[in-house]
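Ready for a few exercises? Please open the structure below and keep it beside you as you work.

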Amino acid sequence: MTVDTRHTILRFIVAPIERFTALSAASGIVLLLATAAALLWVNLGGEHAYHALWELPAGLSLAGLGLQLPLHAWINDGLMAVFFLLVGLEIKRELLVGELASLRQAALPVVGAIGGMLVPAALYLYFNPHPPAANGWGVPMATDIAFALGVLTLLGNRVPPSLRVFLAALAIADDLGAVLVIALFYSGALQWDMLLAAGGVWVVLLLGNRLGVRSLWFYLLPGVALWYLVLQSGVHATVAGVLLAFAIPARPQVAPGLFLKDAQRLLNDLAQRDPNRLSLLLTDQEAQNIVHGLEAGCEAIQAPLQRLEHGLHGVVAFLIMPLFAFANAGIHLDASLLTTLQQPLALGIVAGLVLGKPLGILLLCGLARLLRLARLPEGARWRDLFGVGLLAGMGFTMSIFIASLAYPLPEQLEQAKGAILLASVLAGVLATLWFAVLGRRAG
């Protein structure tokens with residue numbers, strides 16, 4: 001078999017996978033499959049084995065420090081810290097150069113996100129005014145960006161492109177609100193010595209950024225220590241991911257002009273090599289050196305924030321979030337669930353996500369427009385904004401995550417998970433029908 005033939009076969013196998021992972025909807029599809037797998041496992045006779053698996057203890061020991069946690073906690077406190085690291089990187093990028101970089105750009109999605117948090121929380125508290133159920137007011141405030149953008153992508157040209165940008169910016173602002181809610185309201189009793197030690201590590205990382213350190217290892221290795229100290233401090237460990245993100249440099253190591261100059265020189269040198277030998281880079285040392293120089297230059301022109309965000313996207317979308325869903329979405333579905341969903345706790349979550357999200361987003365965006373603080377996304381109408389609000393009601397993974405912090409009783413958590421699942425499905429179906437009927441095809 002010739003090299004060209006092997007290459008053709010390899011591309012035939014790999015190309016469909018590359019196209020799938022390139023889809024915006026792909027991560028939502030994988031998340032849906034992981035959820036379905038958990039539900040099938042639990043409801044086809046494997047409930048005991050499912051729950052026993054996630055309670056298995058696992059530990060790490062390093063430099064005399066040990067940490068023993070069940071698998072469920074490693075996912076919710078450990079891997080989800082990596083998810084929040086990515087969230088923090090996205091928030092920082094949007095604040096610096098993205099949709100949240102200027103007051104005029106940020107006004108509508110930020111105001112919409114605030115409305116999409118306050119109204120759902122108020123609706124939940126209407127149904128659950130007293131503790132301990134009242135502690136779950138943060139559950140219907142969240143939006144699952146993977147599912148929401150996935151459905152929006154599947155709707156195609158019925159949705160103006162500007163709405164995708166608006167929803168992404170709104171979800172970033174919503175994530176920032178979720179981080180603040182978790183840090184301020186869903187953390188435990190504080191251990192001040194650990195908290196001060198975590199603050200010291202963070203200050204060192206910020207100083208490294210200020211002094212121009214661009215190596216990601218300088219930030220990631222102490223970042224593990226930061227996570228451990230935050231975990232032991234009583235503040236929820238996922239906050240460490242956001243703190244680390246804000247310490248990662250957003251400036252490249254070399255200026256764009258210098259990169260272009262060096263890259264042009266290297267490309268000219270490469271062009272002068274024997275064309276017949278360029279296909280044999282393994283034996284042409286000089287050509288290899290030129291390619292390595294280009295590779296180093298491409299890395300230096302990218303800010304550490306960009307490189308880390310790019311590296312984490314696939315891991316988070318196709319491993320961490322599906323694993324989180326698989327470990328947390330195992331809900332036993334039977335006739336008693338219908339009765340459970342009629343309880344105030346469940347009604348508050350469903351009302352908050354399905355009604356509160358679109359109403360809150362629409363009301364506060366309308367107020368901002370009335371006060372001339374913002375304008376609608378290009379090509380969008382008010383009914384389109386309501387449809388986006390319905391999509392934002394797909395709380396799912398983020399809502400389940402906050403529920404796991406909010407409810408100390410297992411029966412409350414099970415009620416909440418059932419309500420979140422129902423509300424997310426309802427919100428997605430209603431949004432799809434809304435745009436299918438009222439959306440307009442572009443072109």
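Here are four exercises on this predicted model, each with a worked solution.

**Exercise 1.** Work out where Pro377 sits and whether it is buried or exposed.

*Solution.* Start with the chain: Pro377 belongs to the loop between helix 14 (344–370) and helix 15 (382–392). Next, take its relative accessible area, which is 13%. Buried means under 20%, so Pro377 is buried. Then look at what surrounds the residue. Setting aside neighbours within four places in sequence, Pro377 is in contact with Leu108, Ser162, Leu163, Phe166 and Leu385. One of these partners, Phe166, is 211 residues away from Pro377 in sequence, yet their C-alpha atoms are 7.0 Å apart in space.

**Exercise 2.** Trace the salt bridges made by Arg93 and find which residues they join into a network.

*Solution.* Begin with Glu94: its side chain meets that of Arg93 in a salt bridge, at 3.0 Å from N to O. Now turn to Glu309, whose side chain forms a salt bridge with Arg93 at 2.6 Å, N to O. Because Arg93 lies in helix 3 (residues 71–97) and Glu309 in helix 12 (residues 304–328), this pair ties together parts that are 216 residues apart in sequence. For the accessibilities, Arg93 is partly exposed at 28%, while Glu94 is buried at 12% and Glu309 is buried at 6%.

Move on to another pair: Lys357 and Asp174 have side chains that meet in a salt bridge of 2.7 Å, N to O. Lys357 is in helix 14 and Asp174 in helix 6 (residues 161–185), so that distant parts of the chain, 183 residues apart, are linked. Both Lys357 and Asp174 are buried. Finally, return to the network: salt bridges with shared partners join Arg93, Glu94 and Glu309. The total count of salt bridges is four.

**Exercise 3.** Decide whether helix 16 is largely enclosed or exposed.

*Solution.* Helix 16 covers residues 396–406. Go along it and mark the buried residues: Phe396, Thr397, Met398, Ser399, Ile400, Phe401, Ile402, Ala403 and Ala406. Since nine of the 11 residues are buried, helix 16 is largely enclosed by the rest of the structure.

**Exercise 4.** Find the residues that gather with Arg369 in a patch of positive charge on the surface.

*Solution.* First place Arg369, which is found in helix 14. Its relative accessibility is 39%, so Arg369 counts as partly exposed. Then look around it on the surface: the patch of positive charge brings together Arg104, Arg369, Arg372 and Arg375.

Key. Residues numbered from 1 in each chain as written. Predicted model: local features only at pLDDT ≥ 70, side-chain atom pairs only at ≥ 80, totals over all residues. Heavy atoms only, no water. Helix = DSSP H or I, 4+ residues; strand = E, 2+ residues; numbered from the N terminus. Buried < 20%, exposed > 50% of the residue type's maximum accessible area, 1.4 Å probe, protein only. Contact = heavy atoms within 4.5 Å. Patch = residues over 30% accessible without salt bridge, like charges linked within 9 Å, V, L, I, M, F, W, Y side chains within 5 Å. Areas by Shrake-Rupley, 256 points an atom, 1.4 Å probe, with all protein chains shown as cover. Lys, Arg positive; Asp, Glu negative; His and termini not counted. Charge placed at Lys NZ, Arg CZ, Asp CG, Glu CD.
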